[in-house]
Amino acid sequence: MTELETIRPSGRQAPDPARSGLPTLRVCVQPRQNPYSPGAGRRPAALVGRDGELQDWSVALQRLENARPAKSVVLHGLRGEGRTVMLGEFHRMAEERDWMTVTIEANTSSPLRHTLARALYPAVCELVRPNAGDKLTKALATFKAFSVKVDLAGAWSFGFDLVSEQGRGHVGGLDADISELIGDLAQAAREQSRGLAILIDEAQDLTRDELKVLCAISHQGGQLRWPFVMALAGSPSLPRVLSKANGFAEHVFSYREITQLQDGAAGPVLTGPAAAEGVRWDEEASGT
Ligand SMILES: Nc1ncnc2c1ncn2[C@@H]1O[C@H](COP(=O)(O)OP(=O)(O)OP(=O)(O)O)[C@@H](O)[C@H]1O
Ligand SMILES: [Mg+2]
């Protein structure tokens, strides 16, 4: 394998080496060093143009840590404009602040209660300590009703043979199930001075009942000052679908449209990572 693979400029003039003294990406790419690897949901080498959204999220986490209310977030926009990448950043920021954080992707073939319970298992295990408090014990009871076995020593396993604890996470009642699961966990997190962040991608694929439950739990969390926040990402129809599911949705969520990067903002996406490798783009090629 060659160290340097040459991409021949097709129909263009080769750059004048005397002009910059640096190679340009139009001519050579080093496969082992190439900083660009675009792909769906993949964090770009340079994340640009979303400072407002990131700042708002950071403030929301800090407000909740201080027992101040903060709205959950809805990111909506066309395909390919960076919604999943934003959720990834939200996830990273919450984890950095030691929040219990899960990201799931809604899909039409699996009910939310299953996807969510599965994703939350590792988070619950993280919370389990020998001196687990009341709230965690209650959360474990709810998990038990979700057909998962978690004991106070931290061992957990899937299983469908467990008997539900009377009245908690009882199979069939979607509303109560998910509310109890999230509510118990948020309070268990608070018991350990942490928060709970639930991030859901492709949220337009949730059923109306599921969206309704998420609105209700977010509202309840706000009233009870739980350290709990959600971010939903989805298609442009998501705000409409949400408000149909629950007329109260716009009071519970703060909506951010994820649009194409503004003119001029996109340039650094190309030039920044190259510059870090000591490579300069031609202005003409990068559009800057
Ligand atoms: N703020 C940004 N700065 C630079 N690149 C970005 C930014 N946001 C997204 N990208 C890049 O754009 C591409 C699409 O991003 P992403 O997958 O997050 O979009 P999406 O809206 O979730 O699309 P999909 O319809 O596939 O779900 C990815 O390659 C990603 O790295
Ligand atoms: Mg996506």
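The exchange below goes through a predicted model and asks on what grounds its sheet, its helix packing and its ligand shell are described as they are.

Me: What makes up the protein as a whole, in helices, strands and buried residues?
Reply: The protein has 11 helices and 9 strands, and buried residues make up 32% of its 288 residues. A residue is called buried here because 20 or more other C-beta atoms lie within 10 Å of its own.

Me: How do you know that strand 7 and strand 8 are paired, and in which direction do they run?
Reply: Pairing requires at least two bridges, and 5 bridges join strand 7 (residues 196–201) to strand 8 (residues 228–234), so the two count as paired by that criterion. The two strands run parallel, and Leu196 stands opposite Phe228 in strand 8.

Me: What is the strand order of the open sheet, and why are strand 4 and strand 9 said to stand at the edges?
Reply: The 5 strands follow the order 4-7-8-3-9, with parallel pairing. Strand 4 (100–105) and strand 9 (253–257) each have a single partner strand, so one side of each lacks a neighbour in the sheet, and this places them at the edges. From one strand to the next, the twist averages 15°.

Me: Which strands does helix 8 lie across, and at what angle does it run to strand 3?
Reply: Helix 8 (residues 238–245) lies across strand 3 (72–76), strand 8 and strand 9, and its direction is at about 135° to that of strand 3.

Me: What describes the packing of helix 2 and helix 3, and which residues make the contact?
Reply: Two packed helices are described by the angle between their axes and the distance between the axes. The axes of helix 2 (residues 51–65) and helix 3 come within 10 Å and cross at roughly 35°, and the crossing is right-handed. Helix 2 contributes Glu53, Leu54, Trp57, Ser58 and Leu61 to the contact, while helix 3 contributes Met86, Glu89, Phe90, Met93 and Ala94. By class, these residues divide into 7 nonpolar, 1 polar and 2 charged.

Me: Which residues come nearest to ligand 1, and what makes up the shell around it?
Reply: Of the 18 residues around ligand 1, those that come nearest are Pro44, Arg79, Gly82, Thr84 and Val85. The shell has 7 nonpolar, 6 polar and 5 charged residues, and helix 3 (residues 83–96) gives the most to it, with 3 residues.

How values were computed. Residues numbered from 1 in each chain as written. Chains lettered and ligands numbered in written order. Predicted model: local features only at pLDDT ≥ 70, side-chain atom pairs only at ≥ 80, totals over all residues. Near = placed C-beta within 6 Å. Helix = DSSP H or I, 4+ residues; strand = E, 2+ residues; numbered from the N terminus. Nonpolar A, V, L, I, M, F, W, Y, C, P; charged D, E, K, R; others polar. Axes fitted to C-alpha atoms, helices over the stretch in contact; angles between N-to-C directions. Contact = placed C-beta atoms within 7 Å. Buried ≥ 20, exposed ≤ 12 C-beta atoms within 10 Å, placed from the backbone. Left-handed = near helix turned anticlockwise from the far one by under 90°.
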